[in-house]
Amino acid sequence: MAYEVNGKTIETDANGYLVDLHEWNEDVAKLIAKDEGLELTQEHWDLVHFLRDAYVNENGHQPNDREINKFLGEKWGRKISSKEAYDLFPGKPSKQAGKIAGLPESRRKGGY
């Protein structure tokens, strides 16, 4: 599978995750999100950028659900439930948002 973005072919693995995370940009993210049935709001972008930053700047770290909820709560100034994160990314926040962020597929099973 591959995505065509701005005249460039972006390769993915069999599950639709980018082969090269350096080929990611916001246009790629929008196309992946559309393919996932999502339209990205600012709240979506907050999580996408958080996951990408953690992976790129923290030696491949992929935050779990607890870390995601904590980050979103701090960012938005209120307590965040797992339900709210799943409302944004029904395909599991760490996995679906990570895919949209152009990160490798997380093999994590649990959130806590």
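This report describes helices 2 and 3 of a predicted model, together with selected side-chain contacts and loop residues.

Because the model is predicted, local features need pLDDT of at least 70 and side-chain atom pairs count only at pLDDT 80 or more, while totals for chains, interfaces and linings use all residues. Residues are numbered from 1 along each chain as its sequence is written, and side-chain values use heavy atoms, with hydrogens and water left out.

**Helix 3**

Helices (H or I, at least four residues) and strands (E, at least two) are DSSP runs, numbered from the N terminus. Helix 3 comprises the 12 residues 65–76, which at 1.5 Å a residue should span 16 Å; the end C-alpha atoms are 16 Å apart, in agreement with this value. The expected span is 1.5 Å times one less than the number of residues.

Burial is assigned by relative accessible area: under 20% is buried, over 50% is exposed, and values in between are partly exposed (1.4 Å probe, protein chains only). The buried residues of helix 3 are Asp65, Ile68, Asn69, Leu72, Gly73 and Trp76. Seen down the helix axis, these buried residues fall within an arc of 130°, so they line one face of helix 3. The arc is that of the directions from the helix axis to the C-beta atoms. An α-helix has 3.6 residues a turn, so residues three or four places apart point the same way. Turned away from the buried side of helix 3 is a face with the exposed residues Arg66, Lys70 and Glu74.

With contact meaning heavy atoms within 4.5 Å, the buried residues of helix 3 pack against helix 2 (42–57), helix 4 (82–88) and helix 5 (93–100). At the N-terminal end of helix 3, asparagine 64 acts as a cap, with a side-chain oxygen 3.1 Å from the backbone nitrogen of arginine 66. Just after helix 3, glycine 77 has a positive phi of about 75°.

**Helix 2 and its contacts**

The 16 residues of helix 2 should span 22 Å at 1.5 Å a residue, and the end C-alpha atoms are indeed 22 Å apart. The buried residues of helix 2 include His44, Trp45, Phe50 and Tyr55. The buried residues of this helix pack against helix 1 (26–35), helix 3, helix 4 and helix 5.

Histidine 44, in helix 2, is buried with a relative accessible area of 6%. The side chain of histidine 44 reaches the backbone oxygen of leucine 88 at 3.0 Å. Residues up to four places away in sequence aside, histidine 44 touches Glu39, Leu88 and Phe89.

**The aromatic pair**

Rings of Phe, Tyr and Trp (its six-membered ring) pair if their centres lie within 6.5 Å; planes under 30 degrees apart count as stacked, over 60 as edge-to-face and the rest as tilted. A search of the whole structure finds one aromatic pair. The ring centres of phenylalanine 50 and phenylalanine 71 are 4.0 Å apart and the planes are at 5°, so the pair is stacked. Phenylalanine 50 lies in helix 2 and phenylalanine 71 in helix 3, so the pair ties together parts that are 21 residues apart in sequence. Phenylalanine 50 is buried, at 18% relative accessible area.

**Loop residues with positive phi**

Two asparagines are listed below.

| Residue | Phi | Location | Relative accessibility |
|---|---|---|---|
| Asparagine 6 | near 50° | loop between strand 1 (2–5) and strand 2 (8–11) | 65%, exposed |
| Asparagine 59 | near 55° | loop between helix 2 and helix 3 | 79%, exposed |

Definitions and conventions. A polar contact is a pair of N or O atoms within 3.5 Å; within protein, one must be able to donate a hydrogen and the other to accept it, and residues adjacent in sequence count only if both atoms are side-chain atoms.
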